[in-house]
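Take a look at the chain below and turn it slowly. We will walk through its helices, its charged pairs and its cysteines.

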Amino acid sequence: MVIASSAIILENRKLLLIERSESMRVFPLCWACPGGLVEENESAEQAVLREVKEETNLDFRPTKLFSTGMYQDRNLYRFLGEWSGQVRIQKKEISKWGWFSYEDAAHLTFAFEYREVIEKLHKYGLI
């Protein structure tokens with residue numbers, strides 16, 4: 001079983017999103033939250049810390065599992081949490097990034113099940 005986890009990073013009712021580079025095998029040039037695959041002997045929580053740091057240079061601490069989902073053979077975990085630092089993207093995997101309101105995010109093309117995550121964040125008044 002493949003497990004992937006990502007961070008829902010919020011600031012002033014806006015969500016940090018990254019555009020996956022065109023070299024990505026799955027969902028190139030689609031938008032997502034920072035995250036990635038869980039490595040061997042790593043928990044979903046440990047993976048999200050590592051992936052967020054690698055992709056955005058932010059320090060992230062998950063505080064709540066916000067949603068779970070499935071994509072093909074992947075179990076998906078989406079964490080809310082606290083963060084600090086300044087965004088500096090990893091250019092190998094990410095082509096763009098930004099802070100998006102619900103209205104701005106509604107026009108994007110998303111990877112995996114992130115459209116549903118965005119809708120749920122909006123429903124709960126987080127964005």
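A residue is called buried when its relative accessible area is under 20%, exposed when it is over 50%, and partly exposed in between. Keep that scale in mind. Keep in mind, too, that this is a predicted model.

Start with charge. How many salt bridges does the count come to? The count comes to 8 salt bridges. Here are some of them.

Glu19 and Lys96 form one salt bridge, with N and O 4.0 Å apart. This pair ties together distant parts of the chain: Glu19 belongs to strand E3 (residues 14-20), and Lys96 belongs to strand E8 (residues 94-100). The two residues are 77 residues apart. Are these partners buried or exposed? Glu19 has a relative accessibility of 9%, so it counts as buried. Lys96 reaches 46%, so it is partly exposed.

Next, find Glu113 and Arg78. Their closest N and O atoms are 2.9 Å apart, and they form a salt bridge. This pair also links distant parts of the chain, 35 residues apart. Glu113 sits in the loop between helix H2 (102-105) and helix H3 (114-123), while Arg78 sits in strand E7 (residues 74-84). Glu113 is buried, because its relative accessibility is 12%. Arg78 is buried as well, at 3%.

Now compare Lys53 and Asp59. Their salt bridge has its closest N and O atoms 3.1 Å apart. Lys53 is partly exposed at 36% relative accessibility. Asp59 is partly exposed at 40%.

Salt bridges can also join up. Glu39, Glu42, Arg50, Glu51 and Glu54 are linked in a network of them.

Move on to helix H1. It covers residues 44-56, which makes 13 residues. What span should such a helix have? At 1.5 Å a residue, H1 should span 18 Å. Its end C-alpha atoms are 18 Å apart, so the two values agree.

Which residues of H1 are buried? They are Ala44, Ala47, Val48, Arg50, Glu51, Val52, Glu55 and Thr56. Arg50 and Glu51 are on this list, and both belong to the salt-bridge network. Several strands help to cover the buried residues of H1. Among them are strand E1 (2-8), strand E5 (35-37) and strand E6 (59-71). E3, E7 and E8 also take part in the cover. After H1 comes Asn57, with a positive phi near 70°.

Helix H3 makes a good second stop. Its buried residues are Tyr114, Val117, Ile118 and Leu121. They cover an arc of only 100° around the axis, so they lie on the same side of H3. Why might such spacing work? An α-helix has 3.6 residues a turn, so residues three or four places apart point the same way. Turn to the other side of H3. There, Glu116 and Lys123 are exposed.

What covers the buried side of H3? The cover includes E1, E3, strand E4 (31-32), E6, E7 and H2. Just after H3, Gly125 has a positive phi of about 75°.

Now visit the loop between E6 and E7, where Gln72 is found. Gln72 has a relative accessible area of 65%, so it is exposed. Its side chain makes a polar contact of 3.3 Å with the side chain of Tyr71. Gln72 and Val2 are 70 residues apart in sequence, yet their C-alpha atoms are 9.5 Å apart in space.

Arg74 lies in strand E7. At 13% relative accessibility, Arg74 is buried. Leaving out residues up to four places away in sequence, Arg74 touches Val2, Arg25, Val26, Leu37, Gly69 and Phe112. Arg74 and Pro62 are 12 residues apart in sequence, but their C-alpha atoms are 20 Å apart.

End with the cysteines. A disulfide is a covalent bond between the sulfur atoms of two cysteines. How many disulfides does a search of the whole structure find? The search finds 0. Why is Cys30 not bonded to Cys33? The Cys30 sulfur has its closest cysteine sulfur in Cys33, 14 Å away, and that is too far for a bond. Cys30 is buried, because its relative accessible area is 10%. Cys33 is also buried, at 3%.

How values were computed:
Residues are numbered from 1 along each chain as its sequence is written. This is a predicted model: local features need pLDDT of at least 70, side-chain atom pairs count only at pLDDT 80 or more; totals for chains, interfaces and linings use all residues. Side-chain values use heavy atoms; hydrogens and water are left out. A salt bridge is a side-chain nitrogen of Lys or Arg within 4 Å of a carboxyl oxygen of Asp or Glu. Helices (H or I, at least four residues) and strands (E, at least two) are DSSP runs, numbered from the N terminus. Buried means under 20% relative accessible area, exposed over 50%, partly exposed in between (1.4 Å probe, protein chains only). The expected span of a helix is 1.5 Å times one less than its number of residues. Contact means heavy atoms within 4.5 Å. The arc is that of the directions from the helix axis to the C-beta atoms. A polar contact is a pair of N or O atoms within 3.5 Å; within protein, one must be able to donate a hydrogen and the other to accept it, and residues adjacent in sequence count only if both atoms are side-chain atoms. A disulfide is a pair of cysteine sulfur atoms within 2.5 Å.
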